[in-house]
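Hi everyone, thanks for coming along. Let me put the sequence and the structure up on the screen, and then I'll walk you through a few places in it.

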Amino acid sequence: MKDDPTLSRREKIRVVFNLSHTHSFFRKLATCDAILDAVENLIGPEIRFFADQMFVKPASHGTEVPYHHDSAYWPFADPGLVSCWMAIEDSTLDNGCVRFVPGSHREEIPHQHIDTDIPNRTGVAPGVIDPTREVPVELMAGEACIHHSLTVHRSAPNRSNRSRRGWALIYFPASMRFEKPRSVAYDPVLVRSRDRIVT
């Protein structure tokens with residue numbers, strides 16, 4: 001699709017990284033009390049913000065994302081991150097909402113290279129996950145869901161005439177071991193603490 005001359009530049013964009021590290025509007029949203037309160041209920045009051053990604057599925061040609069869990073992409077951190085997936089636009093069955101596999105966070109399922117023509121080529125091997133277990137989570141624009149970094153999930157192609165943009169925000173306990181890899185542009189930021197004032 002990136003070489004399709006009929007598509008505008010905006011329609012070719014599939015992912016944007018580090019919005020909250022580079023723009024005050026996104027930083028304010030990523031550190032708002034509503035999100036941090038929910039994250040604190042899961043991982044405790046000492047919270048670091050790691051990274052964010054805006055995922056885009058344009059109308060009619062947004063691609064599939066295969067089964068995967070987020071810890072596979074952060075091997076330098078202990079499994080224990082949480083991802084807050086926020087719908088920027090309505091996320092429905094028709095336009096490729098995220099589908100989670102309940103209970104899959106209880107073990108770390110290995111990933112491998114997947115022989116496919118879709119952009120995301122790393123995921124859970126075919127046949128490991130029973131697709132009848134997955135639960136699609138539809139969200140209205142502005143709603144969010146939070147999942148453990150080992151929770152297996154996927155999303156289907158966008159076959160509707162409406163785009164689907166979602167913003168994933170990654171948080172982890174401040175005490176968690178973290179080794180900064182060369183590919184990460186920004187250090188994690190302490191965004192909530194019991195003992196310190198965080199600005």
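Let's start at Ala141. Leaving aside residues up to four places away in sequence, Ala141 touches Ala87, Ile88, Glu89 and Asp90. You'll find Ala141 in the loop between S8 and S9, and with a relative accessibility of 44% this residue counts as partly exposed. Have a look across to Arg165 as well: Ala141 and Arg165 are 24 residues apart in sequence, and their C-alpha atoms are 9.1 Å apart in space.

Before I go on, please keep in mind that this is a predicted model. How confident is the prediction? The average pLDDT of the chain is 87, and 86% of the residues score at least 70. Confidence is highest in S8, at 98, and lowest in helix H1, residues 9-12, where the mean is 65. Where pLDDT is low, the predicted coordinates should not be read in detail. So I'll leave the details of H1 alone, given its mean of 65.

Now for the overall picture. The chain has four helices and twelve strands. Of its 199 residues, 46% are buried. Take the contacts between residues at least 6 apart in sequence: 85% of these join residues at least 24 apart.

Back to S8, which covers residues 135-137 and includes Val137. Is Val137 buried or partly exposed? Its relative accessible area is 23%, so Val137 is partly exposed. Not counting residues up to four places away in sequence, Val137 touches Ser91, Cys97, Val98, Phe100 and Cys145. Arg99 is worth pointing out too: it is 38 residues from Val137 along the chain, yet the two C-alpha atoms are separated by 5.9 Å.

One of those contacts of Val137, Cys145, takes us to strand S9, residues 144-148. Which residues of S9 are on the covered face, and which on the uncovered one? Cys145 and His147 make up the covered face, while Ala144, Ile146 and His148 are on the uncovered one. S9 pairs with S4 in the antiparallel sense, over five bridges. If you want a marker for that pairing, Val82 stands opposite His148 in S9.

With cysteines in view, somebody will want to ask about disulfides. How many are there in the whole structure? A search finds zero. Why does Cys84 not form one? The closest cysteine sulfur to that of Cys84 is in Cys145, and at 7.4 Å it is too far for a bond. Cys97 also has its closest cysteine sulfur in Cys145, but at 9.6 Å, so that is too far for a bond as well. Both sites are covered up: Cys84 is buried, with a relative accessible area of 2%, and Cys97 counts as buried at 0%.

Let's move on to the aromatic rings. A pair of aromatic rings is described by the distance of the centres and the angle of the planes. How many aromatic pairs does the count come to? It comes to seven. One of them is formed by Phe26 and Trp167, with 5.2 Å from centre to centre and 75° between the planes, an edge-to-face arrangement. Phe26 lies in helix H3, residues 24-30, and Trp167 in strand S11, residues 164-173, so this pair ties together parts that are 141 residues apart in sequence. Phe26 counts as buried at 18% relative accessibility, and Trp167 is buried at 0%.

Another edge-to-face pair is Phe50 with Trp74: the ring centres are 4.8 Å apart and the planes are at 80°. Phe50 sits in strand S2, residues 47-57, whereas Trp74 is in the loop between strand S3 (65-68) and strand S4 (82-87), so the pair ties together parts that are 24 residues apart in sequence. Both Phe50 and Trp74 are buried. Ring pairs also bring in Phe76 and Phe172, linking them with Phe50 and Trp74 into a cluster. And while we're on rings, Arg154 lies over the face of Tyr67, 5.6 Å from the ring centre.

My last stop is Asn18, in the loop between strand S1 (15-17) and helix H2 (19-22). Its phi is near 60°, a positive value in a residue other than glycine. Asn18 is buried, with a relative accessible area of 18%.

That's my tour. Thanks for listening, and I'm happy to go back to any of these places on the screen.

Key. Residues are numbered from 1 along each chain as its sequence is written. This is a predicted model: local features need pLDDT of at least 70, side-chain atom pairs count only at pLDDT 80 or more; totals for chains, interfaces and linings use all residues. Side-chain values use heavy atoms; hydrogens and water are left out. Helices (H or I, at least four residues) and strands (E, at least two) are DSSP runs, numbered from the N terminus. Buried means under 20% relative accessible area, exposed over 50%, partly exposed in between (1.4 Å probe, protein chains only). Contact means heavy atoms within 4.5 Å. pLDDT is the predictor's confidence in each residue, from 0 to 100. Rings of Phe, Tyr and Trp (its six-membered ring) pair if their centres lie within 6.5 Å; planes under 30 degrees apart count as stacked, over 60 as edge-to-face and the rest as tilted. A charge sits over a ring if NZ of Lys or CZ of Arg is within 6 Å of the ring centre and within 35 degrees of the ring normal. Two strands pair if DSSP finds at least two bridges between them. A disulfide is a pair of cysteine sulfur atoms within 2.5 Å.
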